[in-house]
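Hi everyone, and thanks for making room for me today. I'd like to walk you through a few local features, so please have the view open as we go.

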Amino acid sequence: MIFLGVMGPGIITANVDNDAGGITTYSVAGAHFGYSPLWIFLPMAVALVVIQEMCSRMGVVTGKGLADLIREKFGAKVTFYAMVAFLVSNLINTVCEFSGIAASCEIFGIPKHVSLPIAAVCIWWIVAKGTYKSVEKIFLVACLFYFSYIITGFLAHPSWGEVVGEAMRPRFSMNQATIVMIMGVIGTTIAPWMQFYQQSTVVEKGINVKDYRFARLDVIIGGIVVNIVAIFIIISCAATLFKSGIRVESAKDAALALKPLAGRNCSSLFALGLLNASLFSAMILPIATSYSICEGLGWENGVDKRLKEAPQFYFLFTLLLIIGAGVIMLPRVNLVTVMLLSQVTNSVFLPFVLIFMLLLINDRRLMGAYRNSGFFNIVSWTTVIILIALTITLTVMTFMPQSR
Amino acid sequence: MANDYQDAKAKADAMFVYFSEILKKEVLDAERKLVGGVWDISVKSGEVYPKADRLIIRRGWRRRLTASVGWSCVTGFDDEILLSVPSRDLRFEPQVKEYEFLLRRDILDQQVVDTYNHKVRRVNDVHLLKVDHELMVAHVDTGLRGLVRRLDWQRPVDFCVRAIAKDASYLKKEELVSWKYVQPVAINPASMTMRLTMTQKQLNSIPPADLGEIIFDLNPTERMALFRALDVKTKARIFESLEIENQKAILGDLDKKEAALIVTHMSSDNAADLLEKLPHDTVRNLLTLIETNMAKKLSGLLGYSSDSAGGLMTTEYVAMAETMTVASAIDFIKHQTHDFESLHHIYIVDDKNHLKGMSTVRRLLIADPRETVLSTVFPKTVCVHLNDSVKEVAYVMDKYRVSAIPVVDENRVLHGVITMDDILSKVISIAWRKRSRASKGI
């Protein structure tokens with residue numbers, strides 16, 4: 001019973017990892033590489049859980065958000081510039097999510113000039129009028145819709161033997177396309193803003209230290225579920241598009257290409273999943289961004305506050321929504337470029353966030369008995385260093401033309 | 001004249017310094033050799049405006065070492081800080097020693113409770129007053145301009161703002177909060193409590209509902225630390241103003257004895273409402289610890305459904321025997337009713353507690369003191385039954401325009417009283433539930 005009360009932050013955050021950018025990357029990976037990327041997801045689940053667990057622990061023990069802690073330990077200057085970077089990278093991410101909304105609605109025949117304003121207004125209304133509890137309920141329901149990808153996976157009739165075989169066998173062929181794909185998958189799954197969001201929700205939920213083990217369970221379940229969903233996205237593309245040799249550039253292409261190969265239902269489900277994921281992330285990203293920025297700079301914030309009580313919070317939130325939806329409304333936007341740009345800004349910012357986190361979680365004054373143990377420190381530093389190395393390589397490679 | 005004023009203002013400005021400016025200064029020793037940079041200032045807490053006690057100096061880039069000197073050794077305080085001692089007298093150590101209260105560690109960039117505006121704020125800068133050689137904490141800066149100053153952008157930003165609007169409120173309005181009203185939330189790691197810089201009296205001047213909100217703006221550890229620092233009456237007052245969910249959250253962190261003490265100090269109807277929402281064994285545990293009198297009342301109240309008159313009522317009311325004279329009744333009110341929340345009505349009962357009538361203080365005052373109290377009762381006694389619903393109670397109270405109504409059983413024995421504020425909060429919560437269900441549809 002206690003678990004049901006504590007459940008939420010970990011599962012929601014993990015699921016938001018499968019946002020528009022994530023689904024695009026997975027479908028492209030599945031279509032171009034078949035089942036071979038499947039092995040990545042085991043180490044990835046570990047990395048995800050390790051990082052999210054630290055955020056969750058910091059949130060429960062200190063009762064403060066990540067931005068709060070950065071401000072209190074590293075001072076105003078560091079916080080301000082970190083928040084500027086955070087805003088820029090999340091703004092581009094938000095644009096990405098809206099592109100996902102536009103793309104999936106177009107599959108259902110709704111033009112983006114209709115779908116985007118409606119989506120933006122709905123999101124604004126839910127957040128401005130809702131409370132933390134009602135918003136969380138909507139998010140948990142949205143998590144259920146991710147199962148549409150699991151159904152899609154089954155509808156694609158993959159050969160299960162092959163799937164299991166590939167998932168167990170790491171293959172690291174040294175050609176550039178594979179490396180870019182692997183790093184893209186990791187880069188979209190572990191994004192910097194998630195750590196801020198996860199910790200803030202844990203704090204806002206007011207989870208007690210006594211119930212911490214339930215919060216950890218929440219993180220672990222989230223980490224596993226999200227990877228299962230990702231695996232099924234790859235399976236459904238690999239079993240159909242890869243087998244027929246169809247090349248796609250975006251999740252929308254993938255959904256459309258599924259129609260003749262796996263049937264109309266499969267294609268619709270795939271698009272529905274994309275719509276849900278994009279809407280969900282387009283809602284969470286602006287909240288998480290404005291929440292953390294207000295937190296770090298000392299302004300009133302929170303979903304539970306009214307418009308008048310937290311003007312900066314609602315200003316930032318509204319601004320992100322307007323720009324997010326507005327950019328996609330422009331007539332000539334190259335969505336693939338936006339996706340790439342968001343991956344790059346994420347990867348530039350991620351190392352800083354991870355290092356902040358590790359410094360904070362080892363602070364004796366702050367964490368007391370709950371700071372990292374020696375063993376956990378080795379695990380987390382290794383994870384962080386590998387992630388940093390990968391994201392830096394990814395950034396460098398994105399700028400080198402021959403890698404695409 | 002204008003010049004004099006300008007001079008005076010310049011002087012006044014020179015006497016105030018921002019902590020962020022001090023942090024940028026270099027420290028020179030008696031021989032004017034560089035010792036290091038200012039790292040922190042320890043202050044003596046417990047005074048209204050705490051004085052600087054020791055200066056903490058840090059040097060080194062890769063191996064960071066800190067040393068501290070007493071404030072009496074600080075002689076110059078202009079572009080750089082001059083010490084009266086040579087640097088070889090300073091002992092540099094890798095760890096900052098444990099000080100009680102440090103400005104950078106405990107105040108700058110941290111959250112504090114602003115007891116003047118009843119809010120939790122983040123400190124962007126500390127405003128210090130320099131008098132002779134003493135340095136005192138005067139204000140904390142929570143404004144936007146303080147933040148801009150911390151980023152070293154004050155000059156360009158001021159210039160831009162001035163160019164656009166000469167009289168912008170940004171330039172004039174400093175959001176300084178006097179130290180008198182600042183309650184730091186830094187926690188003593190040993191006792192896990194917070195040092196109250198303000199008096200209980202100052203705290204009492206904050207309405208409990210606001211205090212409750214302040215407490216929930218803090219994180220759980222700070223919340224409990226501040227809560228523990230309060231006296232039990234204030235705790236009970238805050239408790240009464242909280243939502244049931246929040247009450248449960250705090251109760252979970254308290255030990256049983258403390259919880260029981262708070263429940264004892266709450267009014268009986270509020271306490272009963274709370275206990276009703278707790279698991280049965282917790283309630284049983286609490287009731288054994290609560291004073292017998294209160295426990296008896298509570299277990300009586302707990303027997304009724306929370307949506308009935310019995311569940312709503314309080315057992316705190318003034319009842320008088322029908323045989324009492326008006327004079328002795330007034331005397332009784334003067335001397336025996338200090339603990340009562342309100343004196344809406346006075347209930348007249350017989351020796352078996354049957355309700356005979358209802359009177360008011362005003363009616364008693366204007367009556368003949370030699371008469372019995374029974375002569376002052378209203379011609380009609382309005383009352384509700386224990387099992388009446390909230391709606392019925394609200395209806396009756398509205399119909400007869402009474403601010404409190406007695407609750408009786410089928411034999412007309414008086415059991416309790418429902419006051420306007422109890423029924424109002426209940427009716428409002430029902431209305432809200434309906435409204436939010438209708439408008440949200442989620």
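I'll start with a surface patch, then turn to two helices, and end with some loops. Please keep in mind that this is a predicted model.

Let's begin with chain A. Seven names to pick out here: Phe108(A), Ile110(A), Val114(A), Ile118(A), Val141(A), Phe145(A) and Leu272(A) make up a nonpolar surface patch, and together they offer about 570 Å² of accessible area. Take Phe145(A) as one of them: you'll find Phe145(A) in the loop that links α7 (132-144) to α8 (147-155) of chain A. Its relative accessibility is 42%, so Phe145(A) is classed as partly exposed.

Now over to chain B, and helix α14, residues 280-289. Which residues of this helix are buried? They are Val283(B), Leu286(B) and Leu287(B). These three span an arc of only 100° around the axis, and therefore sit on the same side of α14(B). If you'd like the background, an α-helix has 3.6 residues a turn, so residues three or four places apart point the same way. Turn the helix around, and on the other side of α14(B) you meet Arg284(B) and Thr288(B), which are exposed.

Helix α9 of chain B, residues 220-229, is my next stop. There, Glu222(B), Arg223(B), Met224(B), Ala225(B), Leu226(B) and Phe227(B) are buried. What do the buried residues of α9(B) pack against? Their partners in chain B are two strands, β8 (111-114) and β13 (182-184), along with the helices α8 (208-217), α10 (232-241), α11 (244-253) and α12 (256-265).

On to the loops, with Asp388(B) to start. Asp388(B) is placed between β17 (384-385) and α19 (390-400) of chain B. Its side chain comes to 2.9 Å from the backbone nitrogen of His385(B). Leaving aside residues up to four places away in sequence, Asp388(B) is in contact with Asp307(B), Ser308(B), Ala309(B) and Val393(B).

Finally, some backbone angles worth a look. Asp152(B) is not a glycine, yet its phi is positive, at about 65°. Asp152(B) belongs to the loop between α4 (144-150) and α5 (154-164) of chain B, and with 37% relative accessibility Asp152(B) counts as partly exposed. Arg412(B), also a residue other than glycine, has a positive phi near 65°. Arg412(B) lies in the loop joining β18 (404-408) and β19 (414-419) of chain B, and at 35% relative accessibility Arg412(B) is partly exposed.

That's my tour, and I'm happy to go back to any view you like.

Definitions and conventions: Residues numbered from 1 in each chain as written. Chains lettered and ligands numbered in written order. Predicted model: local features only at pLDDT ≥ 70, side-chain atom pairs only at ≥ 80, totals over all residues. Heavy atoms only, no water. Patch = residues over 30% accessible without salt bridge, like charges linked within 9 Å, V, L, I, M, F, W, Y side chains within 5 Å. Areas by Shrake-Rupley, 256 points an atom, 1.4 Å probe, with all protein chains shown as cover. Salt bridge = Lys/Arg side-chain N within 4 Å of Asp/Glu carboxyl O. Helix = DSSP H or I, 4+ residues; strand = E, 2+ residues; numbered from the N terminus. Buried < 20%, exposed > 50% of the residue type's maximum accessible area, 1.4 Å probe, protein only. Contact = heavy atoms within 4.5 Å. Polar contact = N/O pair within 3.5 Å; in protein donor to acceptor, adjacent residues only side chain to side chain. Arc of directions from axis to C-beta.
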